[in-house]
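Let's take a relaxed walk through a protein model and look at how its side chains pair up and where it leaves open space.

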Amino acid sequence: PCLGDDQWCVMAVFTEEEWQSLYMAMGTPEWGRDERFATLEARKTHEDELDPLVAAWTIRHTAGEAMRQLQAVGVAAGMVQSTCDVIDRDPQIRHRDYFPRREHPEIGWCNHYGWPIKLSKTKADIRTAPLFGEANEYVCKQLLGMSGEQFLGLQASGAFD
């Protein structure tokens with residue numbers, strides 16, 4: 001657990017080097033030299049005791065701070081992101097414009113899924129979903145070959161309501 005409401009950082013420590021890096025990043029706490037945590041096997045056996053000790057360090061940092069500090073010393077760590085974190089704050093997602101904002105005529109501004117691939121010479125763009133019945137005239141006249149009178153007759157009869 002990290003500083004803030006429901007904020008988390010995950011980490012993976014398997015090697016002795018990673019354990020020492022984590023231990024140093026946490027400020028070399030006294031408990032880190034305890035025999036219960038001397039090896040990976042011992043740490044796994046005593047993980048119920050170890051977790052709150054590590055959490056006492058992580059809770060003093062935001063998830064992003066904890067992640068960056070641990071990654072900087074070679075510990076595999078990642079911030080657990082909420083949907084808002086991914087859409088609004090993830091630098092890679094923003095750089096790739098993966099959730100572009102578009103204005104929809106009924107619901108206003110909203111995020112959409114962007115194209116997962118980017119082509120060097122062709123810009124792929126997205127648009128909002130059509131409104132219910134928005135393409136009725138096109139479908140009836142262009143695709144089904146109805147006359148304007150036939151279309152207006154259907155419309156007047158309430159066929160599209």
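## Charged partners

R36 and D34 form a salt bridge, with their closest N and O atoms 2.9 Å apart. Keep in mind that this is a predicted model. How exposed are these two partners? R36 has 28% relative accessibility, so it counts as partly exposed. D34 comes in at 26%, so that residue counts as partly exposed too.

R36 also meets another side chain: a salt bridge joins R36 to E49, at 2.4 Å from N to O. R36 sits in the loop between α1 (16-25) and α2 (40-45), while E49 belongs to helix α3 (residues 47-58), so this pair ties together parts that are 13 residues apart in sequence. E49 has a relative accessibility of 35%, which means that E49 counts as partly exposed.

Then there is K44, which forms a salt bridge with E47. Their closest N and O atoms are 2.9 Å apart. K44 counts as exposed because its relative accessibility is 52%, and the cut-off for that label is over 50%. E47, at 30%, counts as partly exposed. Now for the bigger picture: salt bridges with shared partners join D34, R36 and E49 into one network.

Here are the three pairs side by side:

| Salt bridge | N to O distance |
|---|---|
| R36 and D34 | 2.9 Å |
| R36 and E49 | 2.4 Å |
| K44 and E47 | 2.9 Å |

How many salt bridges does the structure hold? The count is seven. As a bit of background, side chains of opposite charge can pair when their charged atoms come close.

## Rings that meet

Next come the aromatic side chains. The structure has six aromatic pairs. One of them is W19 with W31, a tilted pair whose ring centres are 6.5 Å apart, with 55° between the planes. This pair links distant parts of the chain, as W19 is in helix α1 and W31 is in the loop between α1 and α2, twelve residues apart. Are W19 and W31 buried or exposed? Both are buried.

W31 has another ring partner, F37. The ring centres of W31 and F37 are 5.9 Å apart and their planes meet at 85°, so this pair is edge-to-face. W31 has 19% relative accessibility and counts as buried because the cut-off is under 20%. F37 is buried as well, with a relative accessible area of 0%. Put the rings together and W19, W31 and F37 form one aromatic cluster.

## The largest pocket

Finally, let's look at the empty space. Rolling a probe the size of a water molecule over the atoms shows where empty space is left. In this model, the largest pocket holds about 480 Å³ of space. Its lining is made of 19 residues, and those nearest the centre are M11, E47, L50, D51 and V54. You have met E47 already, as the salt-bridge partner of K44.

Which elements supply the lining of the largest pocket? At least two residues each come from β1 (8-12), α1, α2 and α3. Of these, α3 gives the most, with six residues. What classes of residue make up that lining? There are 14 nonpolar residues, one polar residue and four charged residues.

Methods:
Residues are numbered from 1 along each chain as its sequence is written. This is a predicted model: local features need pLDDT of at least 70, side-chain atom pairs count only at pLDDT 80 or more; totals for chains, interfaces and linings use all residues. Side-chain values use heavy atoms; hydrogens and water are left out. A salt bridge is a side-chain nitrogen of Lys or Arg within 4 Å of a carboxyl oxygen of Asp or Glu. Buried means under 20% relative accessible area, exposed over 50%, partly exposed in between (1.4 Å probe, protein chains only). Helices (H or I, at least four residues) and strands (E, at least two) are DSSP runs, numbered from the N terminus. On a 1 Å grid over the protein atoms alone, a cavity is a set of points where a 1.4 Å probe fits but cannot get out, and a pocket is an open set with protein on both sides within 12 Å along at least five of seven lines; lining residues have an atom within 4 Å of a point. Grid points are joined across faces, edges and corners, and a volume is the space filled by probe spheres set on the points. Ala, Val, Leu, Ile, Met, Phe, Trp, Tyr, Cys and Pro count as nonpolar, Asp, Glu, Lys and Arg as charged, and the others, Gly among them, as polar. Rings of Phe, Tyr and Trp (its six-membered ring) pair if their centres lie within 6.5 Å; planes under 30 degrees apart count as stacked, over 60 as edge-to-face and the rest as tilted.
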